[in-house]
Amino acid sequence: MKKLLAMGGLAALLGGCELLPEHAMLGTEPEEAPETVACTAEPTFADEACLLHNWVAFGLTSQRGDGEWRRQALMDIEAAAGRSEAERELARAVALAWGSEREWREAATIYQEYTAAAPEDLQPLLRYWRNELEGRRSLAGHRDNARGQLANLQRENAELSEKLEALTAIEQNMNLRQQSP
């Protein structure tokens, strides 16, 4: 019986949430299921029913967006009236987190500063995104260090090659002298 339960738990874990009934994931009974709500991809704190959906959709759009989309999104975020500072800054962080490497530091700082001001249901997602961003920043740092080490090794290799060529020339010169009568 324990093996059967363990295998069922493992199957659910490996299979993901799609194997669980929707009401089991939400903690509600099927007859209490909420009405279908049309969610937009606008990241705000206002609509509790769409809170996570909107932020995830905005995050995915940001991930897929190019520089032009990012510039437009940042302008739209700044122009949005009626939003709290935390909403605007966290939306900026989501957009910046998928921008250039130099924008990653700003996004990480914003996540650090404003995550606590977000609704409690949104905070784990924001922390996850910040941790993922920090992981990318760390990998980029390792890559930059590896590039620096590679450049040093290439320079050292070139210097050693020059020395080897000089020693080879000296050796050939000495051999020619020994062969001469």
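Helix α3 has 14 residues, which at 1.5 Å a residue should span 20 Å, and its end C-alpha atoms are indeed 20 Å apart, so the two values agree. The expected span of a helix is 1.5 Å times one less than its number of residues. This is a predicted model, in which local features need pLDDT of at least 70 and side-chain atom pairs count only at pLDDT 80 or more, while totals for chains, interfaces and linings use all residues. Residues are numbered from 1 along each chain as its sequence is written, and side-chain values use heavy atoms, with hydrogens and water left out.

**The chain as a whole**

- The chain has 7 helices and 0 strands; helices (H or I, at least four residues) and strands (E, at least two) are DSSP runs, numbered from the N terminus.
- Read along the sequence, that gives the pattern α-α-α-α-α-α-α.
- Of the 181 residues, 27% count as buried. Buried means under 20% relative accessible area, exposed means over 50%, and partly exposed lies in between (1.4 Å probe, protein chains only).
- About 13100 Å² of the chain is exposed, and carbon and sulfur atoms supply 55% of that area. Accessible areas come from the Shrake-Rupley method with a 1.4 Å probe, and for residues only the protein chains shown count as cover.
- Among contacts between residues at least 6 apart in sequence, 50% join residues at least 24 apart. A contact means heavy atoms within 4.5 Å.

**Helix α3**

- Seen residue by residue, the buried part of α3 is made of Leu 51, Asn 54, Trp 55, Ala 57, Phe 58, Gly 59 and Ser 62.
- The cover over these buried residues includes α4, α5 and α7.
- Arg 64 also belongs to α3, but Arg 64 is exposed, with a relative accessible area of 67%.
- The C-alpha atoms of Arg 64 and Trp 98 are 8.3 Å apart, although 34 residues separate the two along the chain.

**Helix α5**

- α5 has 12 residues and reaches 16 Å from its first C-alpha to its last, close to the 16 Å expected.
- Most of α5 is covered, with 10 of its 12 residues buried.
- Among the buried residues of α5 are Glu 87, Glu 89 and Arg 92, as well as Leu 90 and Val 94.
- The buried residues of α5 pack against α3, α4, α6 and α7.

**Helix α7**

- α7 runs over residues 123-179, and its 57 residues reach 82 Å from first C-alpha to last, close to the 84 Å expected.
- Its buried residues are Gln 123, Leu 125, Leu 126, Trp 129, Arg 130, Leu 133, Arg 136 and Ala 140.
- Those buried residues pack against α3 (51-64), α5 (85-96) and α6 (101-114).
- Arg 137 sits in α7 as well and counts as partly exposed, at 26% relative accessibility.
- Leaving aside residues up to four places away in sequence, Arg 137 touches Trp 104, Arg 105 and Ala 108.
- From C-alpha to C-alpha, Arg 137 and Arg 102 are 9.6 Å apart in space and 35 residues apart in sequence.

**The nonpolar core**

- The largest nonpolar core has 27 residues, and those with the most contacts inside it are Phe 45, Trp 55, Leu 90, Tyr 111 and Leu 122. Such a core is a set of buried Ala, Val, Leu, Ile, Met, Phe, Trp, Tyr and Cys residues joined through side-chain atoms within 4.5 Å.
- At least two residues of this core come from each of α3, α4 (67-79), α5, α6 and α7.
- α5 gives the most to this core, with 7 residues.
- Leu 122 touches Phe 45, Leu 51, Leu 52 and Trp 55, not counting residues up to four places away in sequence.

**Rings and charges**

- A search of the whole structure finds 2 aromatic pairs. Rings of Phe, Tyr and Trp (its six-membered ring) pair if their centres lie within 6.5 Å; planes under 30 degrees apart count as stacked, over 60 as edge-to-face and the rest as tilted.
- The rings of Phe 58 and Trp 69 have centres 5.8 Å apart and planes at 50°, so this pair is tilted.
- Because Phe 58 lies in α3 and Trp 69 in α4, the pair ties together parts that are 11 residues apart in sequence.
- Phe 58 is buried, at 8% relative accessible area, whereas Trp 69 is partly exposed, at 24%.
- Arg 136 lies over the face of Trp 98, at 3.9 Å from the ring centre, and over the face of Trp 104, at 4.8 Å from the ring centre. A charge sits over a ring if NZ of Lys or CZ of Arg is within 6 Å of the ring centre and within 35 degrees of the ring normal.
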